[in-house]
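The following report describes a single protein chain and its ligand, moving from strand pairing to the surroundings of the ligand. Please keep the sequence and the structure in view while reading.

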Amino acid sequence: MADQSIPEARTPRTPRKGKTPLNGKTALDGETELDGETELDDGVSEGSAKGALKEGVSRRRLLGTAGATGLVLGAAGGAVGYAARPAEATPLTSLGADQVMFHGKHQPGILQGLQARGHVIAFDLAAGAGRKEAAALLRRWSQTARRLMAGEGAQQDDTDVARDAGPSSLTITFGFGYGFFARTGLEKQRPVALDPLPDFSSDQLDKARSNGDLWVQIGANDALVAFHALRAIQKDAGQAAKVRWQMNGFNRSPGATAHPMTARNLMGQMDGTRNPKPTEADFDERIFVPESGSKDPAWMANGSYAVVRRIRMLLDDWEQLSVKEQEDVIGRRKSDGAPLSGGTETTEMDLEKTDKAGNLVVPINAHARITRPDQNGGAAMLRRPFSYHDGIDADGLPDAGLLFICWQADPLRGFVTVQRKLDRGDALSKYVRHEASGLFAVPGGAAEGEYVGQRLLEG
Ligand SMILES: C=CC1=C(C)c2cc3[nH]c(cc4nc(cc5[nH]c(cc1n2)c(C)c5CCC(=O)O)C(CCC(=O)O)=C4C)c(C)c3C=C
Ligand SMILES: [Fe+2]
């Protein structure tokens, strides 16, 4: 099992939703501190099991049998009272209770485990909107993100879509695209790393669904909570920015399997096994812009660059392959993600191993072989994707695939290096099509009282 998550989520005592008056205010929106943020429970949540543990339901009972039957989950829910007594001020005991902090060194939505539901949306600044309007927008968006991530309603005109739900690990992440800087007169602050990605021979990109001045990534473990956030972010944009494109994605729901495990994509593979781990010594330098000593502008300290690719999977073709052929394309076993050279999912892949006939057991063009950092001058990225399914196209084929989102300190050293290699001969490329692309500078997290991007917009 490869653990993909960093437990930053915490569990508030009670859900706060809708238009209930605030007990206090915060510096960001001109009100004082919320009681919920200062009265958080001490423990760090590990997902839906945490609340149940607090109520006396054992982890073994919840996790050990959850995959086998919804009945047991229902019984657990009844036992802890959440489902049975929603009207009382009973603590949330499911994944709804998990909360990710808005303020921090890095923006939320990079280090957290995969969420069940995701939306990505790109905006272009409206004609006539410049730095002042952009600053006001980022201030509004940050305030909304902070409130919604705490399980509160939007400041104004809340839609009630997420009423009754807890924060559900909602994260909202903001980034700037190449065009933003000219529109706001901030060209001198544009990072070199934001220079447009090179063309790749396999690209079939739709320009209308690529790039954008501003980018927002929303993730949550509840579909209504995620949609609620998407609507609020869109409404906050007001006259300042108009939507350029928007995409929706999903992952397996936490608790759907008997124990936490690496997610599967729509090709059925375990995807994410070899992601860099925060415990690794070089993790930070690979994923985040350092506070000093890099060529990036100062406002990008503790930030990261997101590459977003809508990669369609040609599933009808893929599903024609035998499992053995599918495994040769990736270089890993489909059932458990173990390398074809043997062992378990986490065993190091032996690139030199041959079979009795002298053939490499991990084929020379296998995706997991050629994407390895040691085959690409150390290039690494943190992959944090969503699957997508946008219905059936006119030919009767599923319009489905991967909203591939990867994070790195330097996209030239990360994504571009690896994608160039894939372009030259990845066994997987016959079965995928890159249809849209974006590159965004995602600044570090906002400190208490700050909004995201303030150091750029007011620096
Ligand atoms: C340019 C970067 C990458 C693209 C684009 C990409 C697309 C893509 N990948 C899969 C499925 C798997 N990828 C796996 C590993 C893997 N992929 C990349 C990069 C890109 N993938 C990297 C850097 C790695 C890890 C390499 C390593 O460190 O060893 C795997 C194996 C399991 C795993 O480690 O995650 C699978 C499976 C799909 C389906 C896809 C496009 C749709
Ligand atoms: Fe990959």
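Which residue in β3 is the bridge partner of T173? In this predicted model, the residue of β3 that bridges to T173 is Q217.

**Overall content**

The chain holds 13 helices and nine strands, and of its 459 residues 47% count as buried. Among the contacts with a separation of 6 or more, 76% are between residues 24 or more positions apart. Two domain features come from the UniProt record, an unreviewed entry: "Dyp-type peroxidase N-terminal" is placed at residues 107-251, and "Dyp-type peroxidase C-terminal" at residues 262-446. The two spans are set side by side below.

| Span | Helix | Strand | Distance between end C-alpha atoms |
|---|---|---|---|
| Residues 107-251 | 28% | 22% | 21 Å |
| Residues 262-446 | 18% | 22% | 30 Å |

**Strands β1, β2 and β3**

Strand β3, residues 214-220, is joined to β2 by six bridges, and the two strands run antiparallel. Besides the bridge between T173 and Q217, the pairing of β2 with β3 sets I172 against I218. Strand β1, residues 117-125, is also antiparallel to β3, and seven bridges join them; here F123 stands opposite L214.

Both β2 and β3 are enclosed. Six of the six residues of β2, residues 171-176, are buried, and the strand is therefore largely enclosed by the rest of the structure. Its two faces are both covered, with T171, T173 and G175 buried on one side and I172, F174 and F176 buried on the other. Because seven of the seven residues of β3 are buried, that strand is likewise largely enclosed by the rest of the structure. From β3, L214, V216, I218 and A220 point one way, whereas W215, Q217 and G219 point the other way, and all of these are buried.

**The nonpolar core and helix α7**

In soluble globular proteins, nonpolar side chains tend to be buried together. The largest nonpolar core of this chain has 93 residues, of which I172, A229 and I233 touch the most other members. Not counting residues up to four places away in sequence, A229 touches L148, L170, I172, I218 and A220. I172 and I218 in this list are also bridge partners in the pairing of β2 with β3.

Helix α7 spans residues 223-237 and includes A237. Is A237 buried or exposed? A237 is buried, because 20 other C-beta atoms lie within 10 Å, and a residue counts as buried at 20 or more. Leaving aside neighbours within four places in sequence, A237 is in contact with F123 and L137, and F123 is the residue of β1 that stands opposite L214. A237 and W141 are 96 residues apart in sequence, yet their C-alpha atoms are 8.0 Å apart in space.

**Strands β5 and β9, and the loop at A380**

Strand β5, residues 304-313, pairs with β9 in the antiparallel sense over ten bridges, with V307 standing opposite L439 in β9. Nine of the eleven residues of β9, residues 432-442, are buried, so this strand is largely enclosed by the rest of the structure.

A380 has its place in the loop between α11 and β6, the latter being residues 382-383. A380 is buried, with 26 other C-beta atoms within 10 Å. Apart from neighbours within four places in sequence, A380 is in contact with P276, R286, P373 and G414. A380 and I287 are separated by 93 residues in sequence and by 8.1 Å in space, C-alpha to C-alpha.

**The surroundings of ligand 1**

How many residues surround ligand 1, and which are the closest? There are 27 residues around ligand 1, the closest being Q269, T273, R274, T371 and Q419. The elements that give two or more residues to this shell are β5, α11 (367-370), β8 (398-408) and α12 (412-423). Of these, α12 provides the largest share, with four residues. Sorted by class, the shell around ligand 1 consists of 14 nonpolar, eight polar and five charged residues. Strand β5 thus appears in two settings, since β5 pairs with β9 and also contributes to the shell around ligand 1.

Terms used: Residues numbered from 1 in each chain as written. Chains lettered and ligands numbered in written order. Predicted model: local features only at pLDDT ≥ 70, side-chain atom pairs only at ≥ 80, totals over all residues. UniProt positions renumbered as here; feature names shortened; annotations may be inferred. Buried ≥ 20, exposed ≤ 12 C-beta atoms within 10 Å, placed from the backbone. Contact = placed C-beta atoms within 7 Å. Core = buried A, V, L, I, M, F, W, Y, C linked by C-beta atoms within 7 Å. Pairing = 2+ DSSP bridges. Near = placed C-beta within 6 Å. Nonpolar A, V, L, I, M, F, W, Y, C, P; charged D, E, K, R; others polar.
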